[in-house]
Amino acid sequence: MKATARWSQGMAVVMLAVALMWPCASVNQARAAAEEYLIGAVFSVTGGASFLGEPEKKTAEMIVEQVNKSGGINGHPVKLVLYDTETDATKCNLAVKKLAKHDNVPIIVGPSTSGESLAVVKVAEEEKVPLISCAASYKIVSPVEERHWVYKVAGSDSHVVGKEFDYMKAKGIKKLAVMTVSDGFGASGREELLRLAPEYGIQIVADETYGPKDTDLTAQLTKIREQKPEAIINWSVGPTQVLAVKAWRDLGMRNIPLYQSHGFGSRKNIELAGGGAEGVLLALARVNIGPLLPDNQPQKAVIMDYTKRYADLYKEPISSFGGHAWDAVTLAIEALKAVGPDRAKIRDYLENKTGFVGQHGVFKFSAKDHNGLGKDDLEMVVVKNGDWALAPWK
Amino acid sequence: MTAITPQAAEPILELDGLGVQFGGVVALRDITYQVPGGIIQSIIGPNGAGKTTLFNCISGLLAPGTGSIRFRRQRIAGWAPHRIAALGLSRTFQQVALFAHMSVLENVMVGRHPRSRSGFLATGLRLPGMRREERELRERARSILDFVGLGDLAAAAAGTLPLGQQKILEIARALATEPRLLLLDEPAGGLNTRETEQLGELIQRIRGRDTTVILVEHDMNLVMDISDRILVLYFGHPLASGTPSAIKDNPEVIQAYLGDDWAESSAASYTSLDNHPGR
Amino acid sequence: MDSAWLQYVFAGLTTGSIYALVAIGYNIIYNVTEIINFAQGEFVMLGGLLAVFFMEGCRLPLPLAFAAAVLAVGAIGLAMERFVIRQARNASVLSLIIITIAFSILLKGSAMFGWGKDPYRLEPFTAGGPLLFGGAALQPQALWVLGLTAVVVVLLSLFFRRSIYGKAMLACADNPNAARMVGVPVRTMVLLSFLLSAAIGAAAGVAITPISLMEYDRGALLGLKGFGAAVLGGLGQFSGALVAGLLLGLAEAFCAGYLSSGYKDAIALVLLLLALFFKPEGLFGSSEAAKLKRF
Amino acid sequence: MPVTDRRILLVLALVLAAFPWGVRAVGAVSHYLDVMVFAGIFCIVNLGLSLLMGFAGQISLAQAAFFGIGAYSSGILTVQFAWNPWAAMPMGMVLAGLVAWLVGVPALRLKGHYLAMATLGFGVIVHIVFNEEVRWTGGPSGLVDIPGLSVAGTPLRGEIAWYYLVWGTVLVALVFCLNLLHSRVGRALRAIHQEEKAAEAMGIPTARYKVQVFVLSAALAALGGSFYTHYVAFLNPGSFDLMWSIRFMLMVMVGGMQSLWGAVLGTVLMTFVGNEWLQVFADYEVLVYGSILLGMALFLPDGLVSLKSIPVRGWLRTPRSSTEGTQR
């Protein structure tokens with residue numbers, strides 16, 4: 001019985017703790033009512049998708065600081081209310097609810113991953129708060145009738161697949177082997193690859209998967225080699241995409257071109273592959289290849305500006321993921337500038353926004369399209385001499 | 001106090017060619033023996049003679065290697081202990097094995113387990129049948145505690161009792177299963193003289209409740225006082241059996257205690273065997 | 001090409017020997033303390049990352065970096081025993097499980113701070129392209145891993161069977177009190193077991209980093225597979241761990257090759273469950289001995 | 001149920017009923033209610049775990065798997081087969097119970113580390129199945145557009161409705177478990193935990209009881225999973241991995257393994273700690289979390305309920321005539 005009585009003491013401690021946390025909460029709310037403009041953000045800063053959330057967080061903080069230095073939005077200082085979701089759907093769900101109800105933000109950017117984004121779609125709809133996801137899955141914004149408040153700035157996998165299939169078609173490739181990682185990124189890519197292949201007259205001769213923590217992919221590639229494909233496409237992020245390259249080189253399969261997803265678009269991957277990545281092909285958003293773009297390309301200016309500022313501030317190169325945050329936060333700021341911190345007005349503003357020049361393309365939103373990107377916003381690149389180069393189409 | 005009833009002629013426990021091996025060591029070898037119902041049967045023997053192993057076999061904690069065990073005419077060798085308990089066999093342990101964090105009353109109530117039925121749903125939902133059963137359980141447990149003389153300690157935590165009372169509580173818990181046969185493994189171990197006397201009296205009262213008792217015990221005074229029959233085990237095999245007075249004078253038994261195991265099982269055993277005043 | 005099966009054999013042996021090394025780490029600590037150290041996988045991860053640090057941060061040559069990484073992780077193992085495990089001598093099995101899990105979370109968290117979340121690479125121990133056997137390719141580094149495993153198994157078996165320290169360590173597990181009475185310094189032996197186990201895990205980590213890269217959250221899955229190998233081989237058995245580790249690796253590679261690569265992780269675990277359910281003493285352990293163990 | 005437990009239950013019910021009003025009084029509709037909904041869902045899961053680990057003494061690192069089986073049963077039946085959510089819910093519980101029975105019969109013969117590893121392995125296998133059976137579960141991309149719950153034709157919206165539904169269920173489950181514990185079955189479970197051999201010799205079918213309590217804890221976890229599914233309206237395998245099994249175990253342990261009140265306390269506390277209060281530590285959160293786990297296991301293995309007490313105790317103290325044992 002002692003134990004049960006002690007419990008009450010424990011409960012008292014909890015209540016006390018809750019009570020103590022309250023004042024902080026109300027202070028936040030009071031500040032929200034001031035003339036500060038809030039932007040809510042949820043990124044996977046830690047956990048499985050931290051490679052997305054980390055640069056997104058840095059980019060968002062950089063932009064907000066920049067805006068505040070130059071006098072804020074129409075004189076209003078901007079405050080970024082950022083929560084780490086730890087790549088966890090439950091935490092993300094709670095964080096978005098907190099932003100919507102407790103912090104009372106007029107707009108939310110993020111989450112970083114498709115899974116987390118899908119876990120908060122319902123929250124955004126119920127709370128009627130505009131949300132600009134940085135993740136790729138098309139399900140985030142479709143069916144668009146049920147995604148009134150949800151937008152996304154990352155291109156869909158179908159754009160990347162379409163671009164790469166265009167290229168394969170130009171190269172006369174008809175038999176393709178597919179290898180994908182069994183996580184959200186790989187699964188979504190796999191769906192699109194299998195769905196779109198017939199449209200381009202491409203036959204899938206092998207369809208392999210592997211785990212995100214696998215240490216060796218030679219078994220999968222050996223199996224693929226047995227099927228004699230004319231090209232291989234690997235769809236993953238993290239170390240496995242480098243392991244795929246290493247196994248491809250070690251097994252002497254250079255005669256079969258290796259395509260990667262846009263996830264490969266970081267120079268670090270070329271380094272990690274230790275010279276093995278020569279000849280790897282992929283479709284990339286222009287943000288990754290700013291210097292390669294011709295000067296008359298409309299995105300060149302914003303990309304070069306972002307590249308330089310980010311490198312100056314954080315002493316590391318930009319990544320395409322940070323570019324999503326740039327697009328989302330910049331859109332949010334433009335919306336706040338145009339219509340003020342009003343959720344409904346911001347939503348309407350976003351839906352009618354066209355010609356927004358961002359890191360990942362020139363966005364054309366509409367009531368039918370809450371993404372606003374297409375495959376023309378991508379470029380085919382090849383790894384050459386340890387760096388990106390535009391891939392020759394002839 | 002019932003005398004040996006006619007049914008006593010019928011054996012309650014029959015061992016036939018029972019044998020147990022641990023690796024290469026023979027613990028029990030070819031034991032054939034019958035215990036008539038309604039008596040107090042003692043099993044004695046030097047340490048390591050296989051007495052506790054025999055108990056473990058009978059109560060199902062250990063599967064015998066060879067031979068058969070019949071309890072109330074059922075072949076129980078290989079049965080799970082809980083089935084044997086449900087059939088009416090209960091036991092205590094040489095080293096006290098009470099549920100130390102439960103109250104004295106609860107310990108005895110656990111003993112009523114095979115004589116009650118309510119399962120997860122009935123108890124979780126507190127169905128009327130379960131409440132009735134719980135009340136009945138509590139009353140029976142209290143009456144058993146009164147029977148063994150622990151009635152005043154019902155609310156105490158079992159682990160806090162002194163050893164003597166813990167031993168008695170183990171017996172109470174075993175009685176709660178309503179056994180036809182009760183195995184007591186050294187119940188007097190660690191008890192003082194007065195407590196041992198009370199224990200002997202309790203065991204006799206238990207027999208009076210139409211329960212056969214098998215007693216493994218080193219205290220020869222107690223054994224000689226209350227046993228109807230004695231079985232002597234020696235290196236896992238029956239050496240002799242008979243009434244206390246017959247055993248006391250058996251030269252083989254004296255040899256066994258005096259000879260090989262002198263050092264271990266001690267002169268004390270022998271002396272008490274020889275100079276026993278009772279019979 | 002008929003070389004496919006050979007390629008699966010190579011792949012299986014490479015990953016399998018890593019599992020074997022992790023399994024051996026479990027066995028050492030288990031042999032002495034009968035504790036399962038859930039942080040074993042993190043030692044592997046730390047070994048790899050520290051080697052990267054010593055080579056690229058401190059510009060040490062490879063053999064020195066290897067030794068430094070192994071020693072550093074060994075020291076972490078020592079600290080774990082001295083400051084954590086020893087505090088919990090009388091804890092329940094459940095508490096011990098939670099303690100080692102907690103320690104693994106701390107190691108992983110610290111690694112995340114030290115190295116960030118990106119994977120790191122290490123040059124192979126010997127340069128040169130893959131060796132070709134009729135179309136099947138074998139990386140020279142895989143030979144290093146296999147060789148390291150073999151050396152570790154042989155040395156440890158000798159150590160535990162022949163040397164007085166090894167025998168003393170085994171005695172501690174059997175009956176710490178008896179061991180203490182005959183003059184075995186039980187505490188030192190327990191300390192030594194954590195040192196050894198961590199060092200072997202680290203060596204495995206350094207050896208595989210050139211093949212599979214290394215990042216901060218790699219440890220858990222390696223630890224799980226390694227435990228599978230340890231149980232399959234019979235906890236405490238070094239040669240059993242080796243055989244079981246290789247079997248597990250081969251089973252995975254062939255499953256990925258001929259069945260479904262998505263379910264290959266499940267294969268290892270199903271094997272683990274079957275072993276636990278039907279032969280908990282492991283393929284190579286004796287059931288008599290298993291009964292004597294506490295768990 | 002002893003008087004003390006009844007009193008605590010009463011206090012808990014009152015506090016829970018008043019919580020939303022208290023929260024309203026301080027500020028607008030608070031985010032804390034959202035956290036409480038999740039805390040309640042996890043409480044349902046952890047009551048089963050507390051019975052299994054604290055009372056029957058069996059370790060399980062598969063609780064997240066059963067949570068997931070319940071969640072996916074509800075998700076798949078409602079999305080792919082258009083079942084009514086209320087019908088899918090018991091189906092999930094039955095399914096989880098069935099799986100638990102199949103796994104439990106061989107697994108619960110194991111003890112200690114072996115049992116921990118067997119349940120851990122099983123949990124990871126279930127997680128892999130969620131990932132791989134794309135056709136049913138949606139795989140890693142997840143299962144979307146899961147319908148919400150409705151009561152008497154009105155859809156359940158807003159956190160207040162959910163709060164009362166979930167915590168009402170917690171209280172019902174709590175009463176069920178308390179009844180169970182203070183009865184023949186509960187005594188048998190505690191007996192198994194304390195002296196397994198003696199329990200067996202007193203006629204308790206220990207193996208059957210272990211499996212039964214495993215099944216019960218799986219069914220409760222599945223119920224929690226169903227609520228989770230309909231509340232979040234989205235599922236992906238990430239919410240049901242090993243880390244979650246560890247989290248559930250930690251929640252129970254922080255409160256106090258051998259007390260159902262401890263399970264409730266620990267769950268609420270850790271849900272707030274994990275989702276709210278550790279946010280200030282940002283990147284250091286994982287270290288803080290690990291330290292709490294380590295510190296608890298080292299210095300307070302019996303949880304917060306084992307702390308020495310303050311005055312509240314007097315009122316709650318049981319009359320000495322009570323015959324229930326100390327519930328350590």
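**Figure 1. Chain C, a chain of 12 helices and 2 strands.** In this predicted model, the elements of chain C run along the sequence in the order α-α-α-α-β-β-α-α-α-α-α-α-α-α. The radius of gyration of chain C is 19 Å, close to the 19 Å that the globule rule gives for 295 residues, so chain C is as compact as a globular protein of that length. If you drew a box along the principal axes around its C-alpha atoms, the box would be roughly 60 × 45 × 35 Å. Of the 295 residues in chain C, 62% count as buried. Take the contacts in chain C between residues at least 6 apart in sequence: 76% of them join residues at least 24 apart.

**Figure 2. C:I24 and its place in the largest nonpolar core.** This core has 435 residues, and the members that touch the most other members are A:V109, A:A332, B:A172 and C:I24. Zooming in on C:I24, and leaving aside neighbours within four places in sequence, you will find C:V152, C:V153, C:L156, C:I200, C:F238 and C:A241 in contact with C:I24. As general background, nonpolar side chains in soluble globular proteins tend to be buried together.

**Figure 3. Helix α5 of chain B, with a buried side and an exposed face.** Helix α5(B) covers residues 128-148, 21 residues in total, and spans 31 Å from its first C-alpha to its last, close to the 30 Å expected at 1.5 Å a residue. Its buried residues are B:M130, B:E133, B:L137, B:A141, B:I144, B:L145 and B:V148. These residues cover an arc of only 105° around the axis, which puts them on the same side of α5(B). A handy reminder here is that an α-helix has 3.6 residues a turn, so residues three or four places apart point the same way. On the face turned away from the buried side sit the exposed residues B:P128, B:R132, B:R135, B:E139 and B:S143. Within chain B, the buried residues of α5(B) pack against α3 (104-111), α4 (120-125), α6 (163-176) and α7 (193-208). They also pack against α8 (184-194) of chain D. Just after the helix comes B:G149, with a positive phi near 90°.

**Figure 4. Where chain B meets chain D.** Chain B brings 39 residues to this contact, and chain D brings 30 residues. On the chain B side, the elements that give two or more residues are α2 (81-86), α3, α4 and α5. Of these, α3(B) gives the most, with 5 residues. By type, the chain B side divides into 22 nonpolar, 12 polar and 5 charged residues. Elsewhere in the assembly, chains A and D share the most contacts of the 5 pairs of chains in contact. Chain A and chain B, by contrast, do not touch, and their nearest C-alpha atoms are 11 Å apart.

**Figure 5. A:G75, an exposed loop residue of chain A.** Look for A:G75 in the loop between α2 (50-69) and β2 (78-84) of chain A. A:G75 counts as exposed because it has 8 C-beta neighbours inside 10 Å, and the cut-off for exposed is 12 or fewer. A:R190 lies 115 residues from A:G75 in sequence, and their C-alpha atoms are 47 Å apart.

**Figure 6. Chain D, with 14 helices and 2 strands.** Buried residues make up 64% of the 328 residues in chain D. Among its contacts between residues at least 6 apart in sequence, 77% join residues at least 24 apart.

Conventions
Residues numbered from 1 in each chain as written. Chains lettered and ligands numbered in written order. Predicted model: local features only at pLDDT ≥ 70, side-chain atom pairs only at ≥ 80, totals over all residues. Helix = DSSP H or I, 4+ residues; strand = E, 2+ residues; numbered from the N terminus. Rg over C-alpha atoms; globule rule 2.2 N^0.38 Å. Buried ≥ 20, exposed ≤ 12 C-beta atoms within 10 Å, placed from the backbone. Contact = placed C-beta atoms within 7 Å. Core = buried A, V, L, I, M, F, W, Y, C linked by C-beta atoms within 7 Å. Expected span 1.5 Å × (residues − 1). Arc of directions from axis to C-beta. Nonpolar A, V, L, I, M, F, W, Y, C, P; charged D, E, K, R; others polar.
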